[in-house]
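Reader: I would like a close look at one part of this model, namely its salt bridges. Please go through them one by one, with the surroundings that help to place them.

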Amino acid sequence: MTQIDSQILNQCISGDRNAFRVIVKTYQRMVFSLTLKMLCNEDEAKDMVQETFIKVWQNLPKFDPQKTLSTWIYTIATRLCLDRIKLQKHTYQLPDDDTALRNYATHQDGQAELENSEWVQLVTTLTNGLSPKQKLIFTLIQLEGLESSEVEEITGMDSTQVKSNLYQARKNIKERLTKLGYE
Amino acid sequence: MNKIDNILDSLKGKQPVIDCEDDFADFIMDAIPEREESRPRRTPIVIALRAVTSIAAAIIVGLFIFQNLDDDVEASAPKIIKANTSGSTIRNVYNHCVSHSNTLSINQLKAMYHEKF
């Protein structure tokens, strides 16, 4: 993960918008990746990225430079996503088919780039029926590839809770995918 | 058939693509509000001065109240002061008051005794 140097951080804290644009450009894809997978809606995900960076801008003077900026931004984004999911009581419909997942699985060369709509369909197929916490942990560890310790810092859960939620999430996903013909 | 674990592992760390990163950054920056001018920070000298002046004010108010209480006791017993010029005890003062139909309480007399003898 690209690190922002302390000079840019200080400029942002003193209100320099151009410096903040550097932070936005560095982390926007990371945040969009999380929000798209969490909300499974491209427009909502983009709005959530915007909200996340507004919070980052407003709270930057309180940021502890001893901590990692990406972890702090992840923390803000995950809280906003969880709030949005709870507020709207998202109920994801089971997709009629698992086309996106099947296409991805059959062309699994590790290089295939997915369109945003494919990501939405694929993640919806995978995480349908998971609780918001299970979905969050699964997204952060399994899809975003974060370390367990970082996820603990982001979510405020202890290692046992993280492992438990990840185990349940993977179990549910495997059960459902098995019914769809995967092994 | 596809192995579920293989699918999940291959998704690890993959991120969706943003079509035009500059446009998306503009979209985000448009929503960023101007930061309010932060208030000037209180210097340690100002904080210390505030503490000292607060304490001084409290002491002055306390002295004022104490002084007024003292005056009240003196003002309420002019006769007693006059009656006790012979160096008598508090009991004698009390008896003197009773004999001259003075209605001061024993507590008031005690207070006066400590003040004046």
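Author: A salt bridge here is a side-chain nitrogen of Lys or Arg within 4 Å of a carboxyl oxygen of Asp or Glu. The model is predicted, and every distance below is computed from it. By this rule K46(A) and E42(A) form a salt bridge, with N and O 3.4 Å apart. K46(A) and E42(A) both belong to helix α3 of chain A, residues 42-59, and they are about one helical turn from each other because four residues separate them in sequence. How buried or exposed are the two ends? Buried means under 20% relative accessible area and exposed means over 50%, with partly exposed in between. K46(A), at 27% relative accessibility, is therefore partly exposed. E42(A) has a relative accessible area of 27%, so E42(A) is partly exposed as well.

A second pair within chain A is K37(A) with E144(A), whose side chains meet at 2.5 Å, N to O. K37(A) sits in helix α2 of chain A, while E144(A) sits in the loop between α7 (132-143) and α8 (148-155), so this salt bridge ties together parts 107 residues apart in sequence. K37(A) and E144(A) are both buried. Chain A also holds a network of salt bridges that links E44(A), E51(A) and R84(A).

Over all chains, the search of the whole structure finds nine salt bridges. Five salt bridges lie across the interface of chain B and chain A. One pair joins D22(B) to K25(A), at 2.3 Å from N to O. This salt bridge runs from helix α2 of chain B to helix α2 of chain A. D22(B) has 38% relative accessibility and so counts as partly exposed. K25(A), at 35%, is therefore partly exposed too.

Another pair is D5(B) with R170(A), whose closest N and O atoms are 3.1 Å apart. On the side of chain B that touches chain A, the elements giving two or more residues are α1 (4-11) and α2 (21-30) of chain B. The residues of that side comprise 16 nonpolar, five polar and ten charged. In addition to the salt bridges, the interface can be described by its polar contacts: 15 residue pairs, both members at pLDDT 80 or more, are found across it.

The wider contact takes 52 residues from chain A and 31 residues from chain B. Between them the two chains bury about 4100 Å², with 57% of this on carbon and sulfur atoms. On the chain B side, I4(B), P16(B) and R35(B) lose the most area to chain A, together 18% of what that side buries.

The nonpolar surroundings complete the picture. The largest nonpolar core has 73 residues, and those touching the most other members are F20(A), I23(A), F53(A), L60(A), L69(A), I73(A) and L11(B). Helix α2 of chain A, residues 17-39, gives the most to this core, with twelve residues. That helix also carries K37(A) and K25(A). Leaving aside residues up to four places away in sequence, I73(A) touches I23(A), Y27(A), M30(A), V31(A), T52(A) and V56(A).

Notes:
Residues are numbered from 1 along each chain as its sequence is written. Chains are lettered from A and ligands numbered from 1 in the order in which they are written. This is a predicted model: local features need pLDDT of at least 70, side-chain atom pairs count only at pLDDT 80 or more; totals for chains, interfaces and linings use all residues. Side-chain values use heavy atoms; hydrogens and water are left out. Contact means heavy atoms within 4.5 Å. Buried area is the accessible area (1.4 Å probe) that two parts lose on being put together, summed over both. A polar contact is a pair of N or O atoms within 3.5 Å; within protein, one must be able to donate a hydrogen and the other to accept it, and residues adjacent in sequence count only if both atoms are side-chain atoms. Ala, Val, Leu, Ile, Met, Phe, Trp, Tyr, Cys and Pro count as nonpolar, Asp, Glu, Lys and Arg as charged, and the others, Gly among them, as polar. A nonpolar core is a set of buried Ala, Val, Leu, Ile, Met, Phe, Trp, Tyr and Cys residues joined through side-chain atoms within 4.5 Å. Buried means under 20% relative accessible area, exposed over 50%, partly exposed in between (1.4 Å probe, protein chains only).
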